[in-house]
Amino acid sequence: MKILKKSVSVFLCVLLAFSSLFALYSYAADGVYYDLEDGYLTVTGRGAMDRLFTGDASIVDVYICKGVTSVPAEAFKGCANLTTVTISNSVTEIGASAFQNCSSLSELKLSNKIETINENMFNGCASLENIKIPESVKT
């Protein structure tokens, strides 16, 4: 079952990366690519995210694919329409206030390799009812 889930996840990331050729918004920096189309943001490539989407009301779902290593502080702070975030196992750190005031955020799938969760990460996430903190979290 784990192999099937991982295969589906990898397939989805590849499919979303391929579809980025037709994305309405596309941005690349230091080996990390950002594609936003119809409210779906896909982050692919290798390395740390450096782009902030603070207050972007057009983002509904975020997929951070394998290869991305960290999410910066305030990356999605105040994205009021953000509902779902999926973070691959290559991410080991999420910065302070990364999802603060994402009032519609209801589902967050964290990497099993997250080592650090910084302050105010979920502050103001009124719709987030349940989250499983991986055993890998140290601070």
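**Exercise 1. State the order of the strands in the open sheet of four strands, and find its edges.**

Solution. In this predicted model, an open sheet of four strands runs in the order β4-β6-β8-β10, and its pairing is parallel. Next, look for strands that pair on one side only: these are β4 and β10 (116-117), the edge strands. Now take the pairing of β8 with β10, which is parallel and has two bridges. Across this pairing, Glu93 is found opposite Thr116 in β10.

**Exercise 2. Describe how β3 pairs with β2 and with β5.**

Solution. Start with β2. It is joined to strand β3 (residues 40-45) by six bridges, and the two run antiparallel. One residue opposite another across this pairing is Glu37, which faces Tyr40 in β3. The connection comes next: β2 and β3 make a hairpin, with two residues between them. Asp38 lies in the turn and has a positive phi of about 50°. Then turn to β5. Here β3 pairs in the parallel sense, over four bridges. Leu41 has Val62 in β5 as its bridge partner.

**Exercise 3. Classify the aromatic pairs Tyr34 with Phe53 and Phe76 with Phe99, and locate their residues.**

Solution. Step one is the count: the model has three aromatic pairs. Step two is the geometry of the Tyr34 and Phe53 rings. Their centres are 5.8 Å apart and their planes meet at 55°, so the pair is tilted. A stacked pair would need planes under 30 degrees apart, and an edge-to-face pair over 60. Step three is the location. Tyr34 belongs to strand β2 (residues 32-37), while Phe53 is in the loop between β4 (47-48) and β5 (61-64), so the pair ties together parts 19 residues apart in sequence. Both Tyr34 and Phe53 are buried.

Step four repeats the work for Phe76 and Phe99. The distance is 5.7 Å centre to centre and the angle between the planes is 5°, and the pair is stacked. Phe76 is in the loop between β6 (68-71) and β7 (84-87), and Phe99 is in the loop between β8 (93-94) and β9 (107-109). The two are 23 residues apart, and their pair links distant parts of the chain. Phe76 and Phe99 are buried as well.

Step five joins the results: Tyr34, Phe53, Phe76 and Phe99 belong to one aromatic cluster. A charge is also found at Phe53, where the charged end of Arg51 sits over the ring, 4.4 Å from the ring centre.

**Exercise 4. Explain why Cys102 and Cys125 form no disulfide.**

Solution. The cut-off for a disulfide is a sulfur pair within 2.5 Å. For Cys102, the closest cysteine sulfur is in Cys79, at 5.2 Å, which is too far for a bond. For Cys125, the closest cysteine sulfur is in Cys102, at 5.3 Å, again too far for a bond. The count of disulfides is zero. As for exposure, Cys102 is buried, at a relative accessible area of 0%, and Cys125 also counts as buried, at 8%.

**Exercise 5. Find where the pLDDT is lowest and highest among the elements of the chain.**

Solution. Begin with the whole chain: the average pLDDT is 84, and 81% of the residues score at least 70. Then compare the elements. Helix α1 (residues 2-19) has the lowest mean, 52, and β5 the highest, 97. Finally, look at residues 15-23, where the pLDDT is below 50. Beyond near neighbours in sequence, this stretch has nine contacts in the model.

Methods
Residues numbered from 1 in each chain as written. Predicted model: local features only at pLDDT ≥ 70, side-chain atom pairs only at ≥ 80, totals over all residues. Heavy atoms only, no water. Phe/Tyr/Trp six-rings, centres within 6.5 Å; stacked < 30°, edge-to-face > 60°. Buried < 20%, exposed > 50% of the residue type's maximum accessible area, 1.4 Å probe, protein only. Lys NZ or Arg CZ within 6 Å of the ring centre and 35° of its normal. pLDDT = per-residue confidence, 0-100. Contact = heavy atoms within 4.5 Å. Pairing = 2+ DSSP bridges.
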